[in-house]
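Subject: Structure handover and notes

Dear colleague,

I am passing on the structure we spoke about, together with some notes on what was found in it. Please have the model open beside this message as you read.

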Amino acid sequence: MNKLILKIVAISLTVMALLTSCSNEQSLQQFYVDSAEKDGFITTSIPKSIIGVDASKFSPESREAYESIEKVNLIALAAKEDNKNLFLTESAKLDKIFENEKYELLMSHSDDGVKLKMMFDGSQDAIDEIIVYGRSDDMGLGVARILGDDMNVSEIMSMIQEVEIKDINIPGLKSIIGGLGMPVNNMKIETE
């Protein structure tokens, strides 16, 4: 009897290993891990407190959304003359990753050569992560993974609408973006 159980466990483990190794699709997590080792990529974790938003000004629903966010993991690749091929290759990889049906599009925006997508992974009432993917031929590419605990789509969207740009720590954001090697000299952020 014990030999039969051991054989079943061994066969199950072998099948699982084969199925796992046959998947050619790269995950976002794997992209982060692989890219952290490549020259030109910058990765960092940002606590939500650095943004400088005063959550006490939010509605109760938006405050709950803000409190559900734990941190933001960011990866970026600045666009430079000497890394155009890398930029194109990595952009194509990210486009392929985000074609996966598990990522649901919340919103997208395109203006002045900057393309942004906001997506989420998980169910609408218990989001695992919110992903913001931005790309510009002039600035580069970046992916922010907003991680939290039982984030809710409607609450997050309400919070985004309530955030006033004048309440955000603009110099702090520019410092983070500049620290990632992205150009901030010509970056305009309207505060009124």
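The notes below start with the overall fold, move to the nonpolar cores and one helix, and end with three individual residues.

Please bear in mind throughout that this is a predicted model. The protein contains 6 helices and 6 strands, and these follow one another along the sequence in the pattern α-α-β-α-β-α-β-β-β-β-α-α. Of its 192 residues, 33% are buried, while the surface that the protein exposes comes to about 12,200 Å², with carbon and sulfur atoms supplying 54% of that area. Among contacts with a separation of 6 or more, 63% are between residues 24 or more positions apart.

Turning to the interior, the largest nonpolar core is made up of 19 residues, and I130 and M151 are the ones with the most contacts inside it. Two or more residues of this core come from each of helix 3 (60-68), strand 2, strand 4 (114-123), strand 5, strand 6 (140-151) and helix 5 (153-162). Another core, of 16 residues, lies apart from it and includes Y32, L94, I97 and I131. As for the surroundings of I130, leaving aside residues up to four places away in sequence, this residue touches M118, M119, F120, A144, R145, I146, M151 and I156.

Helix 3 deserves a separate look. Its residues S62, A65, Y66 and S68 are buried, and because the buried residues fall within an arc of 160 degrees when seen down the helix axis, they line one face of helix 3. The cover over these buried residues includes strand 2, strand 6 and helix 5.

Among individual residues, E129 in strand 5 (residues 126-136) may be a useful place to begin. E129 has a relative accessible area of 6% and is therefore buried, the cut-off being under 20%. What does the side chain of E129 make a polar contact with? The partner is the side chain of R145, at 2.6 Å. R145 also appears among the residues that E129 touches beyond four places in sequence, a list that further holds M119, F120, D121, I146, L147 and M151.

N83 is located in the loop between strand 2 (69-78) and helix 4, and its relative accessibility of 10% is why this loop residue counts as buried. Its side chain reaches two backbone atoms, namely the oxygen of A78 at 2.8 Å and the nitrogen of K80, also at 2.8 Å. When residues up to four places away in sequence are set aside, N83 touches L77 and A78. The C-alpha atom of N83 is separated by 8.1 Å from that of G40, although the two residues are 43 residues apart along the chain.

Finally, T89 lies in helix 4 (residues 84-97), where its side chain reaches the backbone oxygen of N85 at 2.9 Å. Is T89 buried, partly exposed or exposed? With a relative accessibility of 41%, T89 counts as partly exposed, because that class runs between the 20% and 50% limits.

With best regards

Definitions and conventions: Residues numbered from 1 in each chain as written. Predicted model: local features only at pLDDT ≥ 70, side-chain atom pairs only at ≥ 80, totals over all residues. Heavy atoms only, no water. Helix = DSSP H or I, 4+ residues; strand = E, 2+ residues; numbered from the N terminus. Buried < 20%, exposed > 50% of the residue type's maximum accessible area, 1.4 Å probe, protein only. Polar contact = N/O pair within 3.5 Å; in protein donor to acceptor, adjacent residues only side chain to side chain. Contact = heavy atoms within 4.5 Å. Core = buried A, V, L, I, M, F, W, Y, C linked by side-chain atoms within 4.5 Å. Arc of directions from axis to C-beta. Areas by Shrake-Rupley, 256 points an atom, 1.4 Å probe, with all protein chains shown as cover.
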